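Hi everyone, thanks for making time this morning. I'd like to walk you through one model, going from a sheet to a few individual residues, so let me bring it up on the screen.

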Amino acid sequence: MIELQTSRLTLRLPMLADWPAYRDFYASDAAKHIGGPLPAVRSWYYFAGDRGHWDLHGFGWFTLDDGRGAVGTCGLHIPPHHADVEIGWNVYGAGQGKGYATEAARAVLDWAPSVTDAQRIVSYIDRGNTASKRVAEKLGADFTGEMAAHDPDCEVWLHQRRAA
Amino acid sequence: MYGATGVQNELLAHPAATHRVMHRFRGLRFHKPNFVAGTPMTPRLVDIPVLETERLTLRAPQPSDFEVLAPFVMSDRATFIGGGPEKDVGHAWRILSVLCGHWHLRGFGVFVAVPKGTDRPIGSMGPWYPEPWPEKELSWTIWDETAEGKGYATEAMIEIRRHAYAALGWTGAVSYIDANNTRSVALALRLGCTIDPEANGPHPEDVVYRHPSPSEVLA
């Protein structure tokens, strides 16, 4: 079982108990930069797809658990129409402002070389998503000056390489 | 076009990673799934039952199924199940991810049907219960148009319904079908389903077909 531990969070595989928090986040305006707001019948497909990504690539999205339940997600994914492996993060309303995204993403970036031989790990960040850009800066990523080929509204941020 | 930056120079210094190699099939470009089978840490679909019918093996979804699933999802044959010509390869990929993820979240899920003696998937069929669904569903989709009209879905669904009732302990099942999906309506009727006018589906256009009960099916 894959599990990563940070000082405040456990990063574990998504499970059914995480669904209500995931659903509520995607139904809110907070999801506007990542395709939301979405009704539950559609966000379920994101939720189940996050879990299924592990089967297809051997890596995927973690649930961030603060000991009381799901407070967000963070992980690696590469849908076939994306140019690079992406690290993404979402922190739900109550957990925001605590540095959880940065803390979780550092752990995922450190873990990444053990599960993928990708030479580049990027984050595709909506040009208006200033909160996520701040996280990317704290992680040491740089805006490449390019927009994503699959989404002209998303900036490509490149993360620093970690040793395998 | 944005000028040389340190970042871009670093990019140029690295050859393309293996996962960035693009593959082509049927005019689609996609990354070949980097399937790292055998890695002990990876949480893959294991211990999934394999069902057998006279002509079919019903097994867990796997990455290679994408080659048949993707063209189907992006065709007009998929409009009743959320696909269509306007959908992209990312949408098709998400559907395969969902088929896998459902197994982990629910402990059951849809099987991929493969004619015995081949490894070419013809469709997905099985127990389906996303959280927003009012009731547990038995679903079927034929991906490969050339596999239609041979009774494969009927054959698979009879065994899958028996499995849902006998092995999973379901006390009933429905199938949610768009009224214009005449092929699926015909299959539901062959399976002995009747329209339940009182029940609602997850989508407003759904007609709810209720399956015969376990006592009728397992008798």
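Let's begin with one pair of residues: Tyr124(A) has Val156(A) in β8(A) as its bridge partner. Before I go further, please keep in mind that this is a predicted model. Right beside that pair in the sequence, Ile125(A) sits opposite Glu155(A), again in β8(A). Both pairs belong to the match between strand β6 of chain A, residues 121-126, and strand β8 of chain A, residues 151-158, and that pairing is antiparallel with 5 bridges.

Now, what joins β7(A) to β8(A)? There are 4 bridges, and those two strands also run antiparallel. One example to click on is Phe143(A), whose bridge partner in β8(A) is Trp157(A). The connection is a hairpin, with 2 residues between β7(A) and β8(A).

Let's zoom out to the sheet. In which order do the strands of chain A come? Reading across, you get β1-β2-β3-β4-β5-β6-β8-β7, an open sheet of 8 strands with mixed pairing. At the edges are β1 (3-5) and β7 (142-148) of chain A, each of which pairs on one side only. From one strand to the next, the twist averages 30 degrees. As a reminder for anyone newer to this, strands in a sheet pair through backbone hydrogen bonds, in either a parallel or an antiparallel way.

While we're still in chain A, have a look at the peptide bond between Gly36(A) and Pro37(A): it is cis, with omega at about -5 degrees. Where is Pro37(A)? You'll find Pro37(A) in the loop that runs between α1 (19-26) and α2 (40-57) of chain A.

Over to chain B, and a pair of helices. Helix α2 of chain B, residues 66-73, packs against α3(B) at an angle of about 125 degrees, and the axes are 9 Å apart. The two helices are therefore oblique to each other. The crossing of α2(B) past α3(B) is right-handed. From α2(B), the residues taking part are Phe66(B), Leu69(B), Ala70(B) and Val73(B), and they meet Val89(B), His91(B), Ala92(B), Trp93(B), Ile95(B) and Leu96(B) of α3(B). Sorted by class, that contact has 9 nonpolar residues, 1 polar and no charged ones.

Staying on helix α3 of chain B, which spans residues 89-106, let's pick out Ser97(B). Is Ser97(B) buried or exposed? With a relative accessibility of 3%, Ser97(B) counts as buried, because the cut-off is under 20%. And what does Ser97(B) touch? Its contacts, leaving aside residues up to four places away in sequence, are Ala48(A), Gly49(A), Gly52(A), His53(A) and Leu56(A).

My last stop is Val110(B), in the loop between α3 and β5 (111-115) of chain B. Val110(B) also counts as buried, at 2% relative accessibility. Beyond residues up to four places away in sequence, Val110(B) has contacts that include Pro61(B), Leu99(B), Trp103(B), Met125(B) and Trp128(B). If you'd like a distance to check on screen, Val110(B) and Leu191(B) are 18 Å apart from C-alpha to C-alpha, with 81 residues separating them in sequence.

That's my tour, and I'm happy to take questions.

Conventions: Residues numbered from 1 in each chain as written. Chains lettered and ligands numbered in written order. Predicted model: local features only at pLDDT ≥ 70, side-chain atom pairs only at ≥ 80, totals over all residues. Heavy atoms only, no water. Pairing = 2+ DSSP bridges. Axes fitted to C-alpha atoms, helices over the stretch in contact; angles between N-to-C directions. Buried < 20%, exposed > 50% of the residue type's maximum accessible area, 1.4 Å probe, protein only. Contact = heavy atoms within 4.5 Å. Parallel < 35°, antiparallel > 145°, perpendicular 65-115°, else oblique. Left-handed = near helix turned anticlockwise from the far one by under 90°. Nonpolar A, V, L, I, M, F, W, Y, C, P; charged D, E, K, R; others polar.
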